[in-house]
Amino acid sequence: KMLGEYLKEVFPAWDRQLCDPTANALLPHIEDVGIGIEVAIVRPDLTHHDRRCVEISRVLRKGPADLTGLQAADRIVSIDGHELAPIIKSGALTEAVAKVTSLVRGVSGSNVTLIIQRSSRGLSVG
């Protein structure tokens with residue numbers, strides 16, 4: 001039931017798209033799902049251009065991230081033990097976002113552990 005509600009939030013016409021083989025490419029594969037967040041690579045310190053961090057820009061309502069208490073403006077420090085600083089330190093921002101996104105995606109029902117920073121304190125959410 002929760003997956004259906006989540007899909008309706010993200011893809012309002014998901015029930016019709018599932019029956020239309022030409023539209024299924026728009027839906028995520030059930031083996032490759034995320035946690036319901038949008039992220040951005042930000043530079044909190046504009047004087048040091050090499051200091052980037054991953055910030056949650058949006059939490060999708062009723063998605064896994066919302067249900068575990070993640071919030072917009074939370075900063076993700078690591079995903080499943082992978083420190084993000086070296087991954088996002090250099091290169092194109094779109095590549096960095098793609099790398100981060102690939103770390104949180106997985107099989108539906110699988111677990112992912114995030115270390116986040118909220119208001120200067122670290123939290124583990126998993």
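Start at the hairpin of S3 and S4 in this predicted model. The hairpin leaves 2 residues between its strands. Asp-80 takes a positive phi there, near 50°. The two arms, S3 and S4 (residues 82–83), pair in the antiparallel sense over 2 bridges. One pairing to look for is Ser-78, whose bridge partner in S4 is Glu-83.

Now follow S3 to its other pairings. S3 spans residues 75–79. Strand S5 (114–118) joins S3 through 4 bridges, and the two run antiparallel. Here Ile-79 stands opposite Leu-114 in S5. Strand S2 (53–59) also joins S3, by 2 bridges, and again the sense is antiparallel. In this pairing Glu-55 faces Arg-75 of S3 as its opposite residue. S3 is thus a good strand to keep on screen: S2, S4 and S5 each pair with S3.

Next, turn to helix H5. Helix H5 covers residues 93–104, which makes 12 residues. How far apart should its ends lie at 1.5 Å a residue? The expected span is 16 Å. The span counts one less than the number of residues, because that is how the expected value is defined. The end C-alpha atoms of H5 are 17 Å apart, which agrees with the expectation.

Which residues of H5 are buried? They are Ala-96, Val-100 and Val-104. Buried here means under 20% relative accessible area. Look down the axis of H5: these buried residues fall within an arc of 75°, so they line one face of the helix.

What covers that set of buried residues? The cover includes strands S1 (37–42), S2, S3 and S5, along with helix H4 (85–88). This brings back the strands met above. S3 and S5, joined by 4 bridges, are both among the elements covering the buried residues of H5. S2 is another of them, and S2 is joined to S3 by 2 bridges.

Finally, step back to the whole chain. The protein has 5 helices and 6 strands. Along the sequence they follow the pattern α-α-β-β-α-β-β-α-α-β-β. Of the 126 residues, 29% are buried. Take the contacts between residues at least 6 apart in sequence: 48% of these join residues at least 24 apart. The exposed area is about 8,000 Å², and carbon and sulfur atoms supply 55% of it.

Conventions: Residues are numbered from 1 along each chain as its sequence is written. This is a predicted model: local features need pLDDT of at least 70, side-chain atom pairs count only at pLDDT 80 or more; totals for chains, interfaces and linings use all residues. Side-chain values use heavy atoms; hydrogens and water are left out. Buried means under 20% relative accessible area, exposed over 50%, partly exposed in between (1.4 Å probe, protein chains only). The arc is that of the directions from the helix axis to the C-beta atoms. Contact means heavy atoms within 4.5 Å. Accessible areas come from the Shrake-Rupley method with a 1.4 Å probe; for residues, only the protein chains shown count as cover. Two strands pair if DSSP finds at least two bridges between them.
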